[in-house]
Amino acid sequence: MSALTALQPGAQDVLREHPMLDQAYQFWKARSGERAMPHETDLDAVALPLELMPWSILTEVLETERDFRYALLGSAIIQMARRDFTGCRFSELDHIRPGSQLWTQRATVANLGQPMLVSPPYTGPLGDVRRVYDLHLPLSADNGRVGMIWTVVAFERI
């Protein structure tokens, strides 16, 4: 049983319905090899599959500051959000504070070191978004802790 299915029943069904999420998960697993997760250098922005780049987010885990920072946002994510948050710390953004869903999801992945599939409510400016799926995939730092989280986002539109 994979970490994803062990973490969340029904996650495999969502991956089957969203080939982009499944591709990201399979790519992450392949880069992990026998390890619990890939190293950050195994999956940097250059190594990401080109077709997933627009839908990808790389979030740096700032352990000493107990914060997160957007290291990279794909072009489709920026378009959907209508703002580029690259370089911003979560604590600098009014809509992302400790205890918020976005913060809590990243903190859970950082603490457990396991993938997480979530369907957060969409609060963006587009009225034709029915559902959003975020697949959070941890990447390890030198000491084995989670240093980065690769998130791939899939939007279901009406």
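A pocket, on a 1 Å grid over the protein atoms alone, is an open set of points where a 1.4 Å probe fits, with protein on both sides within 12 Å along at least five of seven lines, and its lining residues have an atom within 4 Å of a point. A volume is the space filled by probe spheres set on the points, which are joined across faces, edges and corners.

This is a predicted model, in which local features need pLDDT of at least 70 and side-chain atom pairs count only at pLDDT 80 or more, while totals for chains, interfaces and linings use all residues. Residues are numbered from 1 along each chain as its sequence is written, and side-chain values use heavy atoms, with hydrogens and water left out.

The largest pocket has a volume of about 640 Å³, and of the 24 residues that line it, the closest to its centre are His95, Leu102, Pro121, Tyr122 and Thr123. The second largest pocket has a volume of about 190 Å³, and its lining includes Trp103, Asn111 and Arg145.

The linings are divided by class, where Ala, Val, Leu, Ile, Met, Phe, Trp, Tyr, Cys and Pro count as nonpolar, Asp, Glu, Lys and Arg as charged, and the others, Gly among them, as polar.

| Pocket | Nonpolar | Polar | Charged |
|---|---|---|---|
| Largest | 16 residues | 6 residues | 2 residues |
| Second largest | 7 residues | 1 residue | 4 residues |

The structure also holds 8 aromatic pairs, meaning rings of Phe, Tyr and Trp (its six-membered ring) whose centres lie within 6.5 Å, with planes under 30 degrees apart counted as stacked, over 60 as edge-to-face and the rest as tilted. The rings of Tyr25 and Trp28 are stacked, because their planes stand at 20°, with the centres 6.0 Å apart.
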